[in-house]
Amino acid sequence: MRDARAGVLSWVLPAAAFCGAFVPAALPGAQAYGYAATLAGLPAHLPAAGGPAAYVPAAVVGLLAAAAARAAPGRPWPLPALALADAVLRAPGLLLAVASYVAATALRRPAPLALYAVPASLVAVIPQPGAGLVSALGGAPLFAWFPLALGLWAGARHEVVAGLRERARRLEREQEARTEQARAQERARIAREMHDVVTHRVSLMVLRAGALEINATDEKTAAEAELIRATGKDALTELRAVLGVLGEEAGDYHPRPTLADLDGLLEQSRSAGVPVERHEEGDPGALPVMVQHTAYRVVQEALTNIHKHAGRAATQVVLRHLPAALQVDVRNAAPPGPALDLPGGGSGLLGLRERVELLGGEFTAGAEPDGGFVVSVRLPT
């Protein structure tokens, strides 16, 4: 809307300049010449019908004035010079008023403004052929002084408005900087809290699992302890990577898991007693890393929910490589028996939905009639 308004306003002055030069000559009995009439013996007034003698010169001057007014922001002098010449050759009128307004808005320094105002006032007050002195004295206030004052007021108002807008933009930038700083500080605080609480507890679990592995009396117990230790170690590695991103610590960055790491994730669930099958359809091609990472997190969260709520239910992980998307379906059958029903925050699926929608994908999750549960995601590639 603002751009359209500015575009319209940019043509107001050129239109006014053209009308100021052309319209007076088209009026019945208009004055055709100014001082030129006294120098060349030409008639001061045109016939009532006007005609080419009035329209053609007025149209030429009007077009020149419109072009000069259009270029006035960068070249302020052509329009005032043309208006002064037209006032001498014809008569001071609306074109001089438009030029006075443009000069006041474009010539902000006193010296250039006075250089225009003095000759404009003199041209406006010198009597034209057929006009008296009293009538000529009103030309200066009407065609020079009042437009100059109006232009000065408009220019000052424009500077004030521009200053207020710049101040508003500066305050907005400062507010955004303060907000971003507060967010960074909050992220760092959360990272410290998670590091102090979660990392400490998981480290203790890993140490205990390692001690159990060493002191185990049978191979099965040692294998389970080794699995717990490896899983806890992987959890610590990913947790430190997340804390590094959250706290903006580039030194703690670790590569994000992708579909290449999916078999390891599925093997962890199988070792915990969950029968998981993987099916892949279509040509994988070169998938973006962010899409692969999101698909990995979808499968990871779905398997976590199965561990919590479905126990050792049979699970299928299906990857479908479509022409412009990756379809990920994680479906589990009805629980074969009572599950552990571990506590959860209820935000896992919600976080997945937000993650998928940020990539422009589609997310659905819900129970099936046979008692199972399905998580389905389509990610654009």
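**Questions on a predicted model**

Me: In this predicted model, which residues is histidine 321 in contact with, leaving aside its neighbours within four places in sequence?
Reply: Once the neighbours within four places in sequence are left aside, the contacts of histidine 321 include Leu326. The others on the list are Glu280, Glu281, Gly282, Asp283, Pro284 and Leu287.

Me: With the side chain of which residue does the side chain of histidine 321 make a polar contact?
Reply: Histidine 321 lies in strand β2, which covers residues 315-321, and Glu280 is one of the residues in contact with histidine 321. A polar contact joins the two side chains at 2.6 Å, and the partner of histidine 321 is therefore glutamate 280, a pair that falls within the 3.5 Å limit for such a contact.

Me: Is histidine 321 buried or exposed?
Reply: The relative accessible area of histidine 321 is 11%. A residue counts as buried when this value is under 20%, so histidine 321 is buried.

Me: How are helices α11 and α12 oriented to one another, roughly parallel or roughly antiparallel?
Reply: Helix α11 spans residues 262-271 and helix α12 spans residues 289-309, and their axes, which are 11 Å apart, meet at an angle of about 5°. Because angles under 35 degrees count as roughly parallel, the description that applies to α11 and α12 is roughly parallel.

Me: How many nonpolar residues are there in the contact of α11 with α12?
Reply: From α11 the contact takes Leu262, Leu265, Leu266 and Ser269, while α12 brings Tyr296, Val299, Gln300, Leu303 and His307. Sorted by class, there are no charged residues and 3 polar ones in this contact, and the number of nonpolar residues is 6.

Me: Which helix gives the most to the largest nonpolar core?
Reply: The largest nonpolar core has 30 residues, and Leu79, Leu95, Leu96 and Tyr116 touch the most other members. At least two residues of this core come from each of α2, α4, α5, α6, α7 and α9. With 8 residues, the helix that gives the most is α6.

Me: How many residues are in the other core, which lies apart from this one?
Reply: Among the members of the other core are Leu303, Val328, Phe363 and Val377, and Leu303 also belongs to the contact that α12 makes with α11. The number of residues in this other core is 28.

Me: What share of the residues of the chain count as buried?
Reply: The secondary structure of the chain comes to 13 helices and 5 strands. Of its 381 residues, the share that count as buried is 33%.

Conventions: Residues are numbered from 1 along each chain as its sequence is written. This is a predicted model: local features need pLDDT of at least 70, side-chain atom pairs count only at pLDDT 80 or more; totals for chains, interfaces and linings use all residues. Side-chain values use heavy atoms; hydrogens and water are left out. Axes are lines fitted to C-alpha atoms, for helices over the stretch in contact, and angles run from 0 to 180 degrees between N-to-C directions. Helices (H or I, at least four residues) and strands (E, at least two) are DSSP runs, numbered from the N terminus. Angles under 35 degrees count as roughly parallel, over 145 as roughly antiparallel, 65 to 115 as roughly perpendicular and the rest as oblique. Contact means heavy atoms within 4.5 Å. Ala, Val, Leu, Ile, Met, Phe, Trp, Tyr, Cys and Pro count as nonpolar, Asp, Glu, Lys and Arg as charged, and the others, Gly among them, as polar. Buried means under 20% relative accessible area, exposed over 50%, partly exposed in between (1.4 Å probe, protein chains only). A polar contact is a pair of N or O atoms within 3.5 Å; within protein, one must be able to donate a hydrogen and the other to accept it, and residues adjacent in sequence count only if both atoms are side-chain atoms. A nonpolar core is a set of buried Ala, Val, Leu, Ile, Met, Phe, Trp, Tyr and Cys residues joined through side-chain atoms within 4.5 Å.
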